[in-house]
Amino acid sequence: MADIPTHHHHTKACCGGAPAAHTAKDPVCGMTVALDAGKPTAMHECETYHFCSAGCRTKFVADPGKYLDAQPAPVSAPAGTKWTCPMHPEVVRDGPGACPICGMALEPMLPTADADNPELKDMTRRLVVGVALSLPLLVLEMGGHLFGWSFGLTPETSAWTQAVLAAPVVLWGGWPFFVRGAASLRTGHLNMFTLIALGVGVAFVYSLVALLAPGIFPHGQHGGHGMPPVYFEAAAVIVTLALLGQVLELRARAATGGAIRALMDLAPKTAERADGSEIPVEQVVTGDLLRVRPGAGVPVDGVVTEGRSSVDEALVTGEPVPVEKNPGAKVTGGSITGSGSFVMRAEAVGRDTMLARIVALVAEAQRSRAPVQSLADRVAGWFVPAVVIVAVLAFAGWAVFGGADSLANGLIAAVSVLIIACPCALGLATPMAVMAGVGRGAHAGVLVRDAAALEALARADTIILDKTGTVTEGRPVLVDVRAAAGFAADEVLALAASVEAAAEHPLAAAIVAGAKAKGLTPAAVDGFDAPPGKGATGRAGGRAVKVGNAVWLNAEGIPTAALEPDAEALRAEGATAVFVAVDGVTAGVIAVADPVKSGAGAVVTALIAAGLTPVMVTGDHAGTAGAVARRLGIAEVKAGVSPEGKAAIIKEMKAAGRRVAMAGDGVNDAPALAAADCGIAMGTGADAALENAGVTLLKGEIGGLVKARRLAEATMRTIRQNLVFAFGYNAAGIPLAAGALYPATGAMLSPEIASLAMALSSVSVILNALRLGRVAL
């Protein structure tokens, strides 16, 4: 039996264990529990266990062994997971392994919440053995060179001892490098492992030959101890440092997937049905009624049916202020409830939830390639063959002009050139920055579809802003109805609401809501159609009704001139004028006002400061659009534009050399979003807009435009830094390794130092990319 509950914030409480983290995992349901949330706890065998609810604690107390013995072993990825290369996303495999192009370890296409990397475990094990054998080997060899320590060994015995210590490091510890190097030669995709395998292999084989058959070398190449120099310690230390680089790189690469794992961790593992029974969240089906208690996570997407609570939706919207949820309100799986509780009806489960779709989108975006990567790809194509040629030339140059130690110095130079060159630093420069940047954006409510969208947004000099739903709330309200002679205002409103009831545009919702508020009942509609950017049409109550803008009605042969003065007066007040035609005659004009979003003016100012020229392009009338633009400080306005016209304007701007981003939210914005260099969809808008956008602002707040721009600029800045470092490192390191400083200083770059520099170059690129996780947006 479990002991009396306590509230210690550490495990092994009575055994002197170290303090734990600020969260713990419920051993019954697997949920993550905050230690400071006042949740139930229980002691068992000197260890404190934390629970999400009293129900889980009761089950645990009744039979602790049932839950402790059943803890699943961590797995590297769920069944069916595909594996891919971070540098070459076109490579997809059914399991872990090495990339056939660059030799890097493959990683799951979708990181798991409990990441257990077998590649990292294997490399770490090899590294531990390598360090254990390389340290005495290094002391034995370098102690003799630097301090004359012989340790009581003859030169020949010392060489044999070095061979015995180095063989396991090179042949077992370095075996993955040789396998990947051989694979690169077979496929013709030469890479970093080609160079490591050649460098280590040359040093080790040369040393073996020098040990076993010293007589084949010219006598002048024998050292003072009567035998040719051996480089067992160089081969072993190179392998050990290469293993260190792999371990550091694998750990850093795992950190770039932290954004996805953090999102996945937020999803509850269990759900409570309305009847009180608890089930794994995977068993929830659409239509299930679920109870969500105070402080618990919402298990799936759905609608509140009873009760109320404030809900923290920051994980999907980036909005830190909790939102009040009442019956009828939509809730998102993974968000956290406040003090209240409610019952909800599940509407989207499994891969259909917003959180699952965000995770999939972020994972796909992280694997995409920015156009700027093409430069590094072209360089990488000839990089490795060029390095091999330089190594051969360095050896030949030293062999011809190197004097007494020509062979030894030539071998050192050739091995150092092979080892110091790092094509992986070039290859990782862009993918790691993209992964980190996309992950940072996901946490801030900015979803990026691919790396090309980030690059296009960073390069943009013009941003097209739609009016309704982008710079305005997108939730307009009915202001006025003015009827033509022969029609009553309520009649005009009722007919318009009947047709608009099936439309998606926010103005339609305002008209329908206004009619409902007046107690008007919409009629049934036949033959409904909604031409994008024009309006809506249908037969209501046996009458032909058209609701839309004046341009469309006039084009349909329905003159609107008689009501134009009324419409203009309404527009001057910032309202949108919507004309209504009944049976081919203009029956009235409806005024709908859409309030400007809070802080929109400050956002426009910030966009201008960021180097973007804002242009308002809208289907609304020039008077209404001009009033809103003046309020926001937007100088350039194009009003009365159809969806095709918006796309045409963007194409004209691009033809004139402008780099255009477009922000919109409606179905009518989809063509323009697709035509822009970078389309930005407000996340509260229509699905067609989201599908055609490169960037989605989940909350739909206009302030997200500034976040997205800053994220894009920071990511591209990091990519440029990485590429400059990678090119600069190789441009400087290879000549140094070949012996460029020897004529002036008499110093040679040792293979050990070259190996350390190679390992740190890739890690430096990754660590620089990880700084994006802390960038202020």
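**Exercise 1. Identify the residue in S23 that is the bridge partner of valine 580, and place the pair in its sheet.**

Step 1. The bridge partner of valine 580 is glycine 588, which belongs to S23. This assignment, like every other one below, is read from a predicted model.

Step 2. Consider next the two strands concerned. Strand S22 covers residues 576–582 and strand S23 covers residues 585–593; the two run antiparallel and are joined by seven bridges. Another pair in this ladder sets valine 578 opposite isoleucine 590 of S23.

Step 3. Turn to the other side of S23. Strand S18 is joined to S23 by six bridges, and these two strands also run antiparallel. Here arginine 482 stands opposite valine 589 in S23.

Step 4. Extend the view to the whole sheet. The sheet is open and has six strands, ordered S18-S23-S22-S21-S20-S19, with antiparallel pairing. Its edges are strand S18 (477–483) and strand S19 (525–529), each of which pairs on one side only. On average, neighbouring strands of this sheet are turned by 20 degrees against each other, direction ignored.

Step 5. Strands of a sheet pair through backbone hydrogen bonds, in a parallel or an antiparallel manner.

**Exercise 2. Determine how many residues lie between S22 and S23 in their hairpin, and describe aspartate 583 in the turn.**

Step 1. S22 and S23 form a hairpin with two residues between them. Aspartate 583 is found in the loop that links these strands.

Step 2. Examine the backbone. The phi of aspartate 583 is near 50 degrees, a positive value in a residue other than glycine. Most residues other than glycine have a negative phi.

Step 3. Classify the exposure. The relative accessibility of aspartate 583 is 44%, so this residue counts as partly exposed, the class between the limits of 20% and 50%.

Step 4. Set this against the adjoining strand. Seven of the nine residues of S23 are buried, and S23 is therefore largely enclosed by the rest of the structure.

Step 5. Add the helix that covers this region. Helix H19 (residues 564–572) lies across S18, S22 and S23, and runs at about 155 degrees to S22.

**Exercise 3. Locate lysine 518 and list its contacts beyond four places in sequence.**

Step 1. Lysine 518 lies in the loop between helix H17 (506–517) and S19.

Step 2. With neighbours within four places in sequence left aside, lysine 518 is in contact with Leu478, Asp490 and Leu493.

Step 3. Lysine 518 and alanine 494 are 24 residues apart in sequence, while their C-alpha atoms are 9.5 Å apart in space.

**Exercise 4. Classify the packing of H14 with H25 and of H4 with H5 as oblique or roughly perpendicular.**

Step 1. Two packed helices are described by the angle between their axes and the distance between the axes.

Step 2. For helix H14 (residues 451–459) and helix H25 (residues 704–738), the angle is about 105 degrees and the axes are 8 Å apart. This angle falls in the range 65 to 115, so H14 and H25 are roughly perpendicular to each other.

Step 3. In this contact, Leu454, Glu455, Leu457, Ala458 and Arg459 of H14 meet residues of H25 including Ala708, Leu711 and Met716. The contact residues of H14 with H25 comprise seven nonpolar, one polar and four charged.

Step 4. For helix H4 (residues 155–173) and helix H5 (residues 175–187), the angle is about 45 degrees and the axes are 5 Å apart. H4 and H5 are therefore oblique to each other.

Step 5. Val170, Leu171, Trp172 and Gly173 of H4 meet Trp175, Pro176 and Phe178 of H5. The contact residues of H4 with H5 comprise six nonpolar, one polar and no charged.

**Exercise 5. Summarise the protein chain in its helices, strands, burial, contacts and disulfides.**

Step 1. The protein chain has 27 helices and 28 strands.

Step 2. Of its 777 residues, 50% are buried. Cysteine 99 is one of the buried residues, at 4% relative accessible area; cysteine 678 is likewise buried, at 1%.

Step 3. A search of the whole structure finds zero disulfides.

Step 4. Among contacts between residues at least 6 apart in sequence, 67% join residues at least 24 apart.

Key:
Residues are numbered from 1 along each chain as its sequence is written. This is a predicted model: local features need pLDDT of at least 70, side-chain atom pairs count only at pLDDT 80 or more; totals for chains, interfaces and linings use all residues. Side-chain values use heavy atoms; hydrogens and water are left out. Two strands pair if DSSP finds at least two bridges between them. Axes are lines fitted to C-alpha atoms, for helices over the stretch in contact, and angles run from 0 to 180 degrees between N-to-C directions. Contact means heavy atoms within 4.5 Å. A disulfide is a pair of cysteine sulfur atoms within 2.5 Å. Buried means under 20% relative accessible area, exposed over 50%, partly exposed in between (1.4 Å probe, protein chains only). Angles under 35 degrees count as roughly parallel, over 145 as roughly antiparallel, 65 to 115 as roughly perpendicular and the rest as oblique. Ala, Val, Leu, Ile, Met, Phe, Trp, Tyr, Cys and Pro count as nonpolar, Asp, Glu, Lys and Arg as charged, and the others, Gly among them, as polar.
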